[in-house]
Amino acid sequence: MGKFVASAIAALLIAIGGVWTLQGLGYLKGSSMTGSTLWATVGPIVAAFGVALIFVAFRGTKKR
């Protein structure tokens with residue numbers, strides 16, 4: 001169950017980070033975030049946290 005929850009949160013982080021990046025770069029219009037360099041910077045950071053969460057959730061345990 002833990003991997004499912006972690007992967008769902010990671011997918012959400014990646015999606016939100018992608019939207020924020022596109023808004024910050026001006027590709028998605030209609031928001032006060034459009035064209036803001038802050039969101040063009042924060043978006044990829046949030047998406048990277050999502051990718052890191054996927055790696056941590058599925059890295060598995062080492063058997064000796």
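Which residues of α1 are buried? In the predicted model described here, the buried residues of this helix are A6, A10, G17, T21, Q23 and G24. These buried residues pack against α2. The paragraphs below place this packing within the overall form of the chain, then turn to the helix, the loop that follows, and the surface.

The protein contains two helices and zero strands. Its radius of gyration is 15 Å, well over the 11 Å that the globule rule gives for 64 residues, so the protein is more spread out than a compact globule. Along the principal axes, the C-alpha trace spans about 50 × 20 × 15 Å. Of the 64 residues, 22% count as buried. The exposed area of the protein is about 4,800 Å², and carbon and sulfur atoms supply 71% of that area. When contacts between residues at least 6 apart in sequence are considered, 47% of them join residues at least 24 apart.

Helix α1 covers residues 2-25. At 1.5 Å a residue, its 24 residues should span 34 Å, and the end C-alpha atoms are 34 Å apart, which agrees. The second helix, α2, covers residues 37-57. Between the two helices runs a loop, and G26 is found in this loop.

Several residue pairs show how positions far apart along the chain are placed in space. A8 lies in helix α1 and is partly exposed, with a relative accessible area of 39%. The C-alpha atoms of A8 and G50 are separated by 9.5 Å, although these residues are 42 places apart along the chain. V51 is located in helix α2. The C-alpha atoms of V51 and I14 are 7.0 Å from each other, with their positions 37 residues apart along the chain. Another such pair is L22 and A40, 18 residues apart along the chain, for which the C-alpha separation is 7.1 Å.

L22 belongs to helix α1. Its relative accessible area is 37%, so L22 is partly exposed; buried residues are those under 20%. With neighbours within four places in sequence left aside, L22 is in contact with Y27 and L28. Q23 is also found in helix α1. Q23 is buried because its relative accessible area, 12%, is under the 20% cut-off. Beyond its neighbours within four places in sequence, Q23 is in contact with L28, S31, M33, T34 and G35. L28 thus appears among the contacts of L22 and among those of Q23.

Where does the chain go after α1? The helix is followed by G26, whose phi is positive, near 90 degrees. G26 has a relative accessibility of 15% and therefore counts as buried, the cut-off being 20%. Leaving aside its neighbours within four places in sequence, G26 is in contact with T34 and G35. Both T34 and G35 are also listed among the contacts of Q23. The C-alpha atoms of G26 and T37, eleven residues apart along the chain, are separated by 9.5 Å.

On the surface, I14, V51, I54, F55 and F58 form a nonpolar patch. Together these residues have about 450 Å² of accessible area. Which element gives the most to the patch? The answer is α2, with three residues. One patch member, F55, is found in helix α2. At 63% relative accessibility, F55 is over the 50% cut-off and so counts as exposed. V51, another member of the patch, is partly exposed at 38% relative accessibility. I14 is part of the patch as well, and its C-alpha atom is the one separated by 7.0 Å from that of V51.

In summary, the model has two helices, and the buried residues of α1 pack against α2. The nonpolar patch on the surface includes V51 and F55, both of which are found in α2.

Methods. Residues numbered from 1 in each chain as written. Predicted model: local features only at pLDDT ≥ 70, side-chain atom pairs only at ≥ 80, totals over all residues. Heavy atoms only, no water. Helix = DSSP H or I, 4+ residues; strand = E, 2+ residues; numbered from the N terminus. Rg over C-alpha atoms; globule rule 2.2 N^0.38 Å. Buried < 20%, exposed > 50% of the residue type's maximum accessible area, 1.4 Å probe, protein only. Contact = heavy atoms within 4.5 Å. Areas by Shrake-Rupley, 256 points an atom, 1.4 Å probe, with all protein chains shown as cover. Expected span 1.5 Å × (residues − 1). Patch = residues over 30% accessible without salt bridge, like charges linked within 9 Å, V, L, I, M, F, W, Y side chains within 5 Å. Salt bridge = Lys/Arg side-chain N within 4 Å of Asp/Glu carboxyl O.
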